[in-house]
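Please open the structure in your viewer and keep the selection tool at hand. The tour below goes from one selection to the next and says what is there each time.

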Amino acid sequence: MELERLEYLFGAAADGILDRFDLDEETDRIEAVDLHLPLPPGQPMHDARMAIRTVAVTQIIQDDPPETWQTVLRLRDAGLDRDDILSQLAMVIEEEVQASLESRTTFQPERFATNLATLPLPTPEAIAQALFRSWFVDFDPVRAKAEGRQ
């Protein structure tokens, strides 16, 4: 395993805090993520979200698919922090799982890579700010109605 990836995920002391874990073993990886990469407080569906976060960490550690780590590097360079990046990855993984279940198909690497390329997605806060600005600063709905665009 690449030390750069472990340090990115678990911090500079990754080597020390991970000594008791064999990250090649799924149960150890799950426990390490639970202990050292907890979700931000107040997340609904905690267990499902932790499972998805563990999938993201597994993809990063195992470089499978390689587009996941490439996306991490791109988002990190764009200024996102680790938790934001893991959340963004989780959204794409959740979407892929849902698409596979709905279409009853297996994992589609091309679709997954395409969805990773769309990141970063706007945060809920950014969406709320844009809506607020549109409605209460720029008065877009009022203008649209006045111009006959509803």
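The stops that follow run from the start of the chain to a patch on the surface, and the model you are looking at is a predicted one.

**Stop 1: helix H1.** Begin by selecting residues 3–10, which make up helix H1, and then colour Arg5, Leu6, Tyr8, Leu9 and Phe10, since these residues are buried. They lie on the same side of H1, because the arc that they cover around the axis is only 165°. If you now add what covers these buried residues, your selection will include helix H2 (14–17), helix H3 (26–36), helix H4 (46–62), helix H5 (66–77) and helix H6 (82–103). Before leaving this part of the chain, look at Gly11, which comes just after H1 and takes a positive phi of about 95°.

**Stop 2: the largest nonpolar core.** Which residues have the most contacts inside the largest nonpolar core? Select Leu9, Phe10, Leu18, Leu23, Val57, Leu86 and Leu89, which are the ones with the most contacts in this core of 30 residues. The elements that give two or more residues to the core are H1, H3, H4, H5, H6 and helix H7 (109–117). To follow one member outward, select Leu9 and show what it touches: leaving out residues up to four places away in sequence, these are Leu37, Val57, Ile60, Ile61, Arg82 and Leu86.

**Stop 3: Gln59.** Move next to Gln59, which is found in helix H4. Is Gln59 buried or exposed? Its relative accessible area is 10%, and under 20% counts as buried, so Gln59 is buried. Apart from neighbours within four places in sequence, the residues in contact with Gln59 are Asp64, Pro65, Thr68, Ile93 and Phe112.

**Stop 4: Leu116.** Now select Leu116, whose place is in helix H7, and note that Leu116 counts as buried because its relative accessibility is 0%. Once neighbours within four places in sequence are set aside, Leu116 is in contact with Glu67, Thr68, Thr71, Arg74, Leu89 and Val92. Draw a distance between the C-alpha atoms of Leu116 and Val92, and you should find 6.6 Å, although these two residues are 24 residues apart along the chain.

**Stop 5: a patch on the surface.** Finish by selecting Ile127, Leu131, Phe132, Trp135, Phe136 and Val137, which form a nonpolar patch on the surface and together have about 650 Å² of accessible area. One of these residues, Trp135, has its place in helix H8, which covers residues 124–137.

How values were computed. Residues numbered from 1 in each chain as written. Predicted model: local features only at pLDDT ≥ 70, side-chain atom pairs only at ≥ 80, totals over all residues. Heavy atoms only, no water. Buried < 20%, exposed > 50% of the residue type's maximum accessible area, 1.4 Å probe, protein only. Helix = DSSP H or I, 4+ residues; strand = E, 2+ residues; numbered from the N terminus. Arc of directions from axis to C-beta. Contact = heavy atoms within 4.5 Å. Patch = residues over 30% accessible without salt bridge, like charges linked within 9 Å, V, L, I, M, F, W, Y side chains within 5 Å. Areas by Shrake-Rupley, 256 points an atom, 1.4 Å probe, with all protein chains shown as cover. Salt bridge = Lys/Arg side-chain N within 4 Å of Asp/Glu carboxyl O. Core = buried A, V, L, I, M, F, W, Y, C linked by side-chain atoms within 4.5 Å.
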